[in-house]
Every structure is written in structure tokens, then in C-alpha cells.
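User: Please take a close look at the cysteines in this model, and then at the surface around them if there is something to add. How many disulfides does the structure hold?

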Amino acid sequence: MTSLVGDRVVVLGGSMAGMLAARVLAEFFTDVTIVERDELPNTVEYRRGVPHARHAHGLVARGQQILEAHFPGLTAELTAAGITSGDFNGDNRWCFNGRRMRPGHSGLLCVPATRPVLEYHVRERVRKIHNITFLDGHDITGLETTPDRTRVTGARVQPRTGGGAERTLHADLVVDTTGRGSRTPAWLRELGYAAPREEHVKVDLAYTTRHYQLAEDPLGTDLAIIPAPTPAYPRGAFFYRLPGDENRFELSLTGMLGDHPPADPEGFLAFAKSLPVPEIYEAIRTAEPLDDPVTFRFPASVRRHYEGLAAFPERLLVMGDAFCSFNPIYAQGMTVSALESLTLLRHLRTGVLPQPLSFFHDISADVDAPWDLSAGADLGFPGVKGKRTVKTRLVNAYVARLQKAAVHDAEISNAFIRAAGLIDPPQALMRPRILLRVLRHSLRPAS
């Protein structure tokens with residue numbers, strides 16, 4: 001039986017990070033309250049607080065594994081909801097510079113649920129945990145602390161409608177999972193602490209998404225066509241089948257550094273035609289659109305270095321996008337939140353409340369590899385501003401050769417998918433066997 005470490009914990013934000021944190025915290029606290037400003041739906045639908053949910057989402061392999069461990073049977077539920085799963089490499093058409101990586105069996109399960117579907121199923125699982133309560137439709141107005149401001153004792157909340165009064169939710173622990181708009185840096189300054197140093201990689205990214213009814217299925221047995229952006233071909237896309245109807249498809253076009261996919265139908269179609277793979281344009285050019293294109297903009301990846309602070313109030317933690325927000329084209333955000341939930345579990349198993357700076361040090365290690373992958377790849381685009389170390393330049397040059405070699409060699413493709421899926425560390429791509437195969441195959445002409 002798990003030993004309790006406290007009576008009440010308040011989780012600020014009903015995000016995926018918040019729900020994963022609550023799932024872990026429920027084992028160690030008598031009561032867990034999730035505060036969310038949105039009115040949380042009881043059905044599969046978009047919500048205002050997750051504007052990017054209208055666009056393509058990906059849960060990479062390690063994230064899928066952790067969610068299944070937290071919620072056994074979740075994958076089967078998603079399958080029953082009409083989502084077709086497959087192999088991350090063998091059943092997806094990954095394309096770089098207009099060429100498809102050679103497919104192979106990676107052994108990693110891909111479950112391509114849309115964000116509203118995935119969030120709904122996770123939320124319903126969390127609702128069933130007896131000591132977790134959702135307090136939705138509430139703004140978070142601030143923190144409560146001891147008079148000397150060294151310890152957080154709760155959070156102040158207020159109903160968004162109805163004119164309800166502000167009240168304090170007293171807690172033994174408060175966890176901020178409110179996302180990239182987190183107010184913890186401002187709260188720290190108000191309490192007399194330093195805010196964390198922030199690291200920004202400005203990508204000026206936009207997604208524009210439209211849904212189609214197709215007369216014919218262009219994918220066959222594949223799950224998706226994914227032309228990934230590269231410095232040579234910076235426009236990208238995610239094109240995949242929606243659950244419940246084999247002829248309904250979602251197309252999210254991506255463009256960086258201000259080269260944004262247009263939201264007018266003609267411009268959207270022209271952008272799709274410009275992609276380095278023709279299959280997507282050919283599939284949609286005469287298809288029936290189901291809606292108008294919708295755009296979401298993402299200005300920059302942001303990493304807040306809480307682990308570098310000299311002082312921090314006790315009984316307050318920060319997780320998820322509030323800690324580090326990633327460029328979404330790499331599909332790492334939900335999986336990093338899942339990794340952080342495992343770190344939270346490890347700290348709680350010590351039988352005491354987590355010490356913030358120690359916790360931040362450990363989840364910073366969870367962030368390191370995916371940040372190096374995504375921020376380093378973004379710095380491969382000449383227009384992205386940032387410091388390019390010798391290591392960054394060498395890694396990007398090597399990855400370009402690896403992507404070229406992967407056209408010919410499924411073992412290289414599988415190694416790339418395992419690293420991108422946060423199963424293996426990035427260094428695994430430079431193991432001698434893979435390195436030799438990259439050097440050999442990168443010299444071959446593309447077919």
C-alpha cells in the first residue's frame with residue numbers, strides 16, 4: 001500500500017500535463033483538485049484553452065508507452081473508438097526532402113488519435129479516480145503563502161461566470177501545469193524571488209488545417225503521409241485519416257519563419273501543391289472540403305531554467321509546457337509531460353513532499369534530449385536566430401546525411417524513429433553500426 005505524503009494537492013491546469021500529474025499524485029494524497037479555466041466537456045470536442053487542438057497532433061512512442069502504463073487498456077479504448085494503430089516506421093510515410101525513408105518494422109506502436117479524442121479518453125480515465133476532483137470554469141488568481149513567503153500554502157481561484165467570490169484552496173502542494181502562459185515567473189517576482197532564466201528559439205511557425213471527404217483513400221494500409229520540414233524544403237505537412245470514417249482526412253500544413261500556410265482555400269491548395277511530395281495535393285485538389293482552413297501560430301520554443309534558481313518557495317512545482325514549451329512539429333510536448341510524471345512518481349515514492357529545486361533538476365534532465373533534438377534541428381534553418389555551437393553544426397550536418405541514407409536503409413530509419421520517439425537518446429544515432437551505414441548509404445544517389 002502506498003504511503004500518503006500529504007492531505008491535499010491542487011493542480012493548476014487541466015492540460016495533459018495536469019492530468020498526468022494528477023494521476024500520479026492521487027496515489028500519495030487524500031484529495032487532488034484540478035483547477036481549469038475552461039468548462040471541460042464530457043464529449044469529444046475542441047476547447048478554447050487548447051487552440052492547437054484543431055491541428056495535427058502526435059504522441060510519439062515513449063509517450064504512448066507511458067500513457068498505457070498510467071491507464072492500462074487506454075490503447076484498446078482508442079482502438080474501439082475507431083483509431084487504427086500501426087508501426088511508427090512501417091505504417092507511416094516519413095519523407096525528407098521529397099524522399100521517403102525506407103519503411104521497416106520498428107516495433108513501436110503509433111496510435112494517431114486527434115488531440116480532442118486523446119484528451120477526452122485520458123480525462124474520462126482521470127474522472128474515474130475516486131480522489132480526483134475537477135474544478136473547471138475557474139480562473140487562478142494567485143498563490144497563498146506563509147507570512148515569510150518561503151512556503152506556498154494554496155491557490156486563490158474565482159469562478160469565471162456568475163460573479164462568484166474569490167476563495168483559497170488550501171493545499172500541502174501546488175503544481176503549475178498551466179502551459180506556456182504560466183504566471184509562476186510573475187508570482188515569483190511578486191514574492192521577492194528571481195524569475196527563471198528563459199531560453200528562446202524563435203521559429204515563427206504556423207499550422208493551417210483543413211478537413212476533407214475523399215472519394216478514394218490515398219493511404220491504403222498506411223496511417224499518414226508526413227513530409228517533414230528541412231532547411232532545403234522548409235514547408236511540411238501532416239496528412240492522415242480521421243477516426244470513424246476511412247474517407248475523412250485531416251491536413252495540417254506547416255510553415256516556419258513567417259512562411260505561413262494561407263487560410264484562404266486557394267492559397268491553402270497552392271501551398272499544398274508546393275510540397276516536395278505530390279501525393280497530398282493530388283488527393284485533395286478535387287476532394288470535398290468539410291470546413292474552411294484554420295491557422296494556429298507558434299512564435300518560439302521556450303525553456304525556463306527553474307533548475308538554475310538559487311531559491312524557490314517550498315511546496316510549489318512547475319511541469320509541462322509551463323517548464324518547457326517545444327516547437328510542436330516535433331510532437332514532443334505531451335511525451336515530455338509524461339516523462340516528467342514518472343520523475344514526479346519517483347520523488348513521491350521517497351515518502352516526502354518533493355523539494356522543488358531537486359525536482360526541477362531532475363525534470364530538466366527529462367527535457368535535455370528532446371530540447372537538443374528540436375532546438376538543434378530548428379537552428380539548422382538559416383533564418384532561425386540563436387547560438388550555433390560547433391556541436392550543433394556537426395549534428396545538423398550528420399542528421400542531413402542520415403536522412404539521405406535512410407531512403408535506402410530501414411535500419412537507419414528505425415534508429416531515427418526510436419530517437420525521435422524518445423525511446424533512445426540522440427547519441428544512439430551515432431553508434432558505430434549506424435554511423436557506418438549512414439556514411440555508406442548517404443553517398444548513394446536517390447532513386
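Analyst: The structure holds 0 disulfides, a disulfide being a pair of cysteine sulfur atoms within 2.5 Å. For C95, the closest cysteine sulfur is in C110, and at 15 Å it is too far for a bond. C95 is buried, at a relative accessible area of 4%, and C324 is likewise buried, at 1%; buried means under 20% relative accessible area, exposed over 50%, and partly exposed in between (1.4 Å probe, protein chains only).

This is a predicted model, in which local features need pLDDT of at least 70 and side-chain atom pairs count only at pLDDT 80 or more, while totals for chains, interfaces and linings use all residues. Residues are numbered from 1 along each chain as its sequence is written, and side-chain values use heavy atoms, with hydrogens and water left out.

On the surface, L435, L436 and L439 make a nonpolar patch of about 250 Å². Patches take residues with over 30% relative accessible area and no salt bridge, joining nonpolar side chains (Val, Leu, Ile, Met, Phe, Trp, Tyr) within 5 Å and like charges within 9 Å. A salt bridge is a side-chain nitrogen of Lys or Arg within 4 Å of a carboxyl oxygen of Asp or Glu. L435 belongs to helix α12, residues 432-441, and is partly exposed, with a relative accessible area of 30%.

G386 sits in the loop between α9 (356-378) and α10 (390-405) and is partly exposed, at 42% relative accessibility. Helices are DSSP runs (H or I, at least four residues), numbered from the N terminus. G386 and K202 are 184 residues apart in sequence, with 8.2 Å from C-alpha to C-alpha.

Terms used
Areas by Shrake-Rupley, 256 points an atom, 1.4 Å probe, with all protein chains shown as cover. Helix = DSSP H or I, 4+ residues; strand = E, 2+ residues; numbered from the N terminus.
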